[in-house]
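Student: I am new to this structure and would like a close look at one part of it. Could you walk me through it slowly?

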Amino acid sequence: MNSDFDHLTQRWREAGVPRLQFHQAMLASGTHFSRLTRGLVWECVGWGALVLLMGSILGSQRSLYALLCHIYAVVMLAMSIRELISARALDVAEPVAVLQRRWEEVEVLRIRRLKWAILAGTVLWAPFAIVLWQACTGIRVNVRGIWMGANLGFGLAVAGLTLWLSRRYPGAHRIWRAVSGESLAEAERALRRLREFQE
Amino acid sequence: MSDKDRFALLLEQHQRILYHVSRLYARTAPQREDLAQEIALQLWRSFPAFDPARKFSTWMYRIALNVAISSLRQDRGAAVSLTDAAELPAADRVSDEAEELYRRVAQLEPLERSLVLLYLEGHSFPEIGEILGITATNASTKLTRIKQAWKGTA
């Protein structure tokens, strides 16, 4: 087989292509771009609701736990809004290297947020449960002694569950990769390659 | 002529772009079909923003390649295998020589794949630069390097 580049280029240009068929069903599913921004809008709504909830609880409880949970929700909301603004600024008709670099930057932000959401979440779940319990029942809980143990147990359970889920479901695998830093390293490598491509 | 009719006509005239982009960025036949559909849908959604004073093929290449490369992000690390061409039904295959090119191009990095595809489709370096967002000189240099690397492996 002749592998001379220019000869193959000539053969390529002479070759015809098969006819493509399009299906109406695809119209309902959306594109990567629309799914990205839609997902981020829902995340902002979720974090916004948590900010409001924790804010109202903080108003009545005035506890350190409620303050920590509120700060966590506010930081996560701010990070989600930043991602959403960056994602909405993406224009699919931009030059390829430009858009891909900007998209990869959004991806880096997303992975970082996911990682911190999970890591901080494993520490803050117990204060969150206590704050919520007190807000719902009005009964004060003194769990100073078992607090650390519960956190540790939960952290181990989450790690075990994520590991198990990552073997079963590709989506969970993505979460595990984000927590371990694997996804972030990969996204940063991709971003570096994209920048080099434009140089 | 309505926007829908105009879009359908332009898509029909530029089917070659859709075919090649989906061939080079998706591994299996169903994935290629899905990718072509997704590109067509994104083109339709972006069509109201298309400036008729500009070249349609440049606009279409940008969107098609952006959608295709972004779809790879969902499945990082996945490369087109050397056996993929053999999985194609006979009716979907072009000449053996073109198949060899498909296999070789599919092994390149996503942006390099775009560069080679645009060159193979006969675009000038300034056009390639405009589609990819790099200078014509940069496009030419990168292509020369790719050609040299291929000669080394031939």
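Which residues does Tyr61(B) touch, not counting residues up to four places away in sequence?

Tutor: Happy to help! Please keep in mind that this is a predicted model. Leaving aside residues up to four places away in sequence, Tyr61(B) touches Ile17(B), Leu117(B), Leu118(B), Glu121(B), His123(B) and Ile131(B). Take Ile17(B) from that list: Tyr61(B) and Ile17(B) are 44 residues apart in sequence, and their C-alpha atoms are 6.9 Å apart in space. Tyr61(B) counts as buried, because its relative accessibility is 2% and the cut-off for buried is under 20%.

Now let us step back to the element that holds this residue. Tyr61(B) is found in helix α4 of chain B. Chain B has nine helices and zero strands, so its pattern along the sequence reads α-α-α-α-α-α-α-α-α. Of the 154 residues in chain B, 55% are buried. Among contacts in chain B with a separation of 6 or more, 66% join residues 24 or more positions apart.

Next comes the nonpolar core. The largest one has 80 residues, and those with the most contacts inside it are Val21(B), Tyr25(B), Trp59(B), Leu65(B), Val116(B) and Leu132(B). Helix α4 of chain B, residues 56–73, gives the largest share of this core, with 11 residues. There is also a second, separate core of six residues, which includes Val108(A), Ile111(A), Ala187(A) and Leu191(A).

Trp59(B) deserves a look of its own. Again setting aside residues up to four places away in sequence, Trp59(B) touches Leu43(B), Ser46(B), Phe47(B) and Phe50(B), as well as Ala93(A) from the other chain. Trp59(B) also belongs to an aromatic cluster, together with Phe7(B), Trp44(B), Phe47(B), Phe50(B) and Phe56(B).

That brings us to the rings. Over all chains, a search of the whole structure finds 11 aromatic pairs. One of them joins Trp44(B) and Phe47(B): the ring centres are 6.4 Å apart and the planes meet at 20°, so this pair is stacked. To place that result, planes under 30 degrees apart count as stacked. The two partners differ in exposure: Phe47(B) is buried, at 4% relative accessibility, whereas Trp44(B) is partly exposed, at 34%.

Charged side chains meet rings too. Arg23(B) lies over the face of Tyr102(B), 3.9 Å from the ring centre. Another case links the two chains: the charged end of Lys142(B) sits over the ring of Phe197(A), at 4.8 Å from its centre.

What about cysteines? The search finds zero disulfides over all chains. In chain A, Cys44(A) is buried, with a relative accessible area of 11%, while Cys136(A) is exposed, with 66%.

Finally, a word on confidence in chain A. Chain A has an average pLDDT of 82, and 83% of the residues score at least 70. Among the elements of chain A, helix α3, residues 64–88, has the highest mean pLDDT, 93, and helix α6, residues 170–180, has the lowest, 67.

To return to your residue, Tyr61(B) is a buried residue of helix α4 in chain B, and its contacts include Leu117(B) and Ile131(B).

Notes
Residues numbered from 1 in each chain as written. Chains lettered and ligands numbered in written order. Heavy atoms only, no water. Phe/Tyr/Trp six-rings, centres within 6.5 Å; stacked < 30°, edge-to-face > 60°. Buried < 20%, exposed > 50% of the residue type's maximum accessible area, 1.4 Å probe, protein only. Lys NZ or Arg CZ within 6 Å of the ring centre and 35° of its normal. Core = buried A, V, L, I, M, F, W, Y, C linked by side-chain atoms within 4.5 Å. Helix = DSSP H or I, 4+ residues; strand = E, 2+ residues; numbered from the N terminus. Contact = heavy atoms within 4.5 Å. Disulfide = S-S within 2.5 Å. pLDDT = per-residue confidence, 0-100.
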